[in-house]
Structure formats: C-alpha cells, structure tokens
Amino acid sequence: MLRNRAYKFRLYPTKEQSILINKTFGCTRLIYNMSLAKKKNNSELSCYDLIKEIPKFYLKYPFLKEVDSCTLRCAIFNLDNAYKRYYKRLGEYPNFKKKESKDSYRTNNITSTYKGKKYESIKIDLENKVITLPKLKEVKIRGYRNLNKINGRIINATVERIGYRYYVSVVVEEAVTLPDKKEDKIVGIDIGVKDLVVTSDGNTYGNPRYNEKYEKRIKKLQKDLTRKVKGSKNYIKNKIKIQEVYRKLANARKKMTEEIVNKITKYNDIIITEKLRVKEMLIKKEKISQTKTLRKNITNATFGQIIRKLEEKCKMLNKSFVQVDEYYASSQICSRCNSKNKEMKDIKIRKYKCSECKLEIDRDVNASINIEYEGLIKYFKNKYAN
Ligand SMILES: [Zn+2]
C-alpha cells in the first residue's frame, strides 16, 4: 500500500536564501489575492482559468519571474482548496492574505528526463543534511537525527516562516505493509473541557490547563501591542514575540496530543469519536470578549488536532476509526436504559442522573459510552453493507 507521510525539518537558509524565501511569500500572496479578487468578481472561474492568467501577471509584475513559478500555481490551488472547504461548510469564506509574521508557500516536486537522466526539482540528502529546492538550491536542514534516507517519492514541499524560524514540510509517498485488522478492543471517546479526553473504559487523558501559561503571555503581549505605533519597529518586534509564544503553545499541544493518541491507539482496535461541530466552532468573533475568543480558539485547535491525529494514527496502524454524527446527543442519553435527559444540555451539570433507571455516572464517561455504542452500529452497518 502507498501512503503519504509528512516530514518537517527546521530550515537554515543563508541571508540570500532567506531574502528569496521572503520574496516568494510576497509573490504567492500577491497571486493568491489577485486570483481571489477575480474569483469574487466571477465565481464561475475555475482553478485552471486562474492559472491561465499567470502570464498576464508576469507582464504587469516582472519581479514574479524571480521566484519558483510552481509556487504561484500552488497558491491558486490553495485558493481553490479554500473555496472547496467553504462550499463543504468546513471553513470560512477565503480572505485576502495580509503580510504577517507567519507565512508559507508550497512547491511540487517536478520530475523530468533529459538525455536519459532523471531530474527532480526537490531532493533531500540526509547524510549531508541539505534539501534542494527550486531557485534556492541547497538549504541546510535539521531534524530526524536517526533517519539517514527517505524511502519514497517526494510529492511536494512547504516552506514556512514562524517568527524568526524557517521550516520545510516534505510530503513523501511511501510503500508500507500494514498489520492485520482486528476488532477485539473497542473504545468510545468524548472530548471534554474538564478532562481533554474521556474514554468509555473510564480513563481520562490530557490536562486542559496546559495552555494557561501561554494564554497569559499572549494576552499581555497583545495589550502591549495596542500601545505601539502600527507598523513601527517595536510593533513588528512585539508581533514576532506573540508568534513565538504561539509556537511554544503549539509545541506543548503537539506533545500532549501525541501522548494521548499513542496511548489510545496502542491498546484499542476500533476507535470511535464524535465529529466536531464546525459551525459552532466558527463562532462570530464580535459576540464574545477577546479573552474568551482566545481561549475558545485554543480549545478548538486542541480538539481538532486530537481528532485529526487519531485518524492519521489509525490509518498508519490499520486500526478502525469511526466518527458518529455531529448531532448525535451523546451527553443527553442514558448509557444504560437509553432514556433522554434534556437538562444535560447545560454543560455545568457534571453528573448524569437518570430518572428512569436511577443510573448516576460522570457526564463525560456517560457520553463516551454512548459514542461507543453509536459508533459500533455505524461500524457494523458499513462492514456488512458491502
Ligand atoms: Zn437510565
């Protein structure tokens, strides 16, 4: 079986290389924004119609020729994906990209043959710790100390800047042999606020307060920012500082998510979760205070990441991953007698008390058991439908 895997390296460009990288960020942003403007005027335009416009942009903005042309096409593909996500109700309407302390561009690996010799536009040499990228040539990388070779076909690379740091994520298509599928151990997972993850076997994982320290720092830095002149040196410095805290927060989240996901996937064969309510997550920002927005964003990002990583890991280990419908009222149903208690809509009620069968059980454990049942029905329906 072939599988895509992403490898992320820290990138160490020279001064000249970082200038070119930053130019590429600017050029891809320009193409993205101009294509978005065209699309706003005429929603019928397809991705390929927009790509056909690139030569016209070259005439108007000759500096576009200085950067890897593939990144410009990828910017249009990114815009196309943003629209697709919007139409599937998975994301907001695409916005114009602003110049920020965080930026990225993608380029595809293009293979060609010349005089019987095969050439690739992206290459990685892990012995010498360098990656070859179009226009940039060799750039130093660091990461994956114990890996000395990438086995597979490189599909694309995304160059990213966060604060002062540069990274490159390389997607590789790898051939893998999967372990046999099993259905011995089944677990339902509820994603909560008191504990990040509660499972139907009664275990809890993750400290939801891991972000408090960073939240405080971000709040303080954002307050400082309002006292600085927009666009000034100190303003930019402050923005980068904020980005650095966000990076640390993301690292802490990643570490915690990996720990949770590794434990759950190690001991279970069928893993059942809820779909996240995206519509609720895309809350109108002006309705609540800035602090609450920040907290909500961080929590949503954590939930989203846990579910995404669970799905990825299940694929890697050939385990079954099932998601129950987002409108399934897992917290309102009694996990023993199936009667419904609408009072449980109030998230402050921590204990489920059933008036029918007198069951008393922790709110989140009750929900995770319901999720397990509901998911199993879906799992077997799918299995025998074919
Ligand atoms: Zn009951």
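This text leads through a predicted model, beginning with a five-stranded sheet and ending with a helix pair and a loop residue beside it.

The sheet is open, its 5 strands follow the order S12-S11-S10-S13-S14, and the pairing is mixed. Its edges are formed by strand S12 (204-205) and strand S14 (320-324), each of which pairs on one side only. In general, the strands of a sheet pair through backbone hydrogen bonds, in either a parallel or an antiparallel manner.

Strand S10, residues 186-191, offers a convenient point from which to read this arrangement. On one side, S10 is joined by 3 bridges to strand S13 (residues 270-274), and these two strands run parallel. Within that pairing, Gly 188 has Ile 272 of S13 as its bridge partner. S10 is also joined by 3 bridges to strand S11 (residues 197-199), here in an antiparallel sense. In this second pairing, Ile 189 stands opposite Thr 199 of S11. The antiparallel pattern is found again between S11 and S12, which are connected by 2 bridges. There, Val 197 has Tyr 205 in S12 as its bridge partner.

How enclosed is strand S10? A residue is counted as buried when 20 or more other C-beta atoms lie within 10 Å of its own. Of the 6 residues in S10, 5 are buried, so the strand is largely enclosed by the rest of the structure. Helix H9 (residues 363-385) lies across S10, S11, S13 and S14, and runs at about 130° to S10.

Attention now turns to a pair of helices. Helix H1 (residues 15-41) packs against helix H4 (residues 69-87) at an angle of about 45°, and their axes are 9 Å apart. The two helices are therefore oblique to each other, and H1 passes H4 in a right-handed crossing. H1 contributes Thr 24, Cys 27, Thr 28, Ile 31, Tyr 32, Ser 35 and Leu 36 to the contact, while H4 contributes Thr 71, Leu 72, Ala 75, Ile 76, Asn 78 and Leu 79. Sorted by class, this contact comprises 8 nonpolar and 5 polar residues, with no charged ones.

Lys 97 is located in the loop between H4 and strand S2 (102-108). Beyond its neighbours within four places in sequence, Lys 97 is in contact with Arg 29, Tyr 32 and Asn 33. Tyr 32 also belongs to the contact of H1 with H4. The C-alpha atoms of Lys 97 and Leu 30 are separated by 8.4 Å, although the two residues are 67 residues apart along the chain. Lys 97 counts as partly exposed because it has 17 C-beta neighbours inside 10 Å.

Definitions and conventions. Residues numbered from 1 in each chain as written. Predicted model: local features only at pLDDT ≥ 70, side-chain atom pairs only at ≥ 80, totals over all residues. Buried ≥ 20, exposed ≤ 12 C-beta atoms within 10 Å, placed from the backbone. Helix = DSSP H or I, 4+ residues; strand = E, 2+ residues; numbered from the N terminus. Pairing = 2+ DSSP bridges. Axes fitted to C-alpha atoms, helices over the stretch in contact; angles between N-to-C directions. Parallel < 35°, antiparallel > 145°, perpendicular 65-115°, else oblique. Left-handed = near helix turned anticlockwise from the far one by under 90°. Contact = placed C-beta atoms within 7 Å. Nonpolar A, V, L, I, M, F, W, Y, C, P; charged D, E, K, R; others polar.
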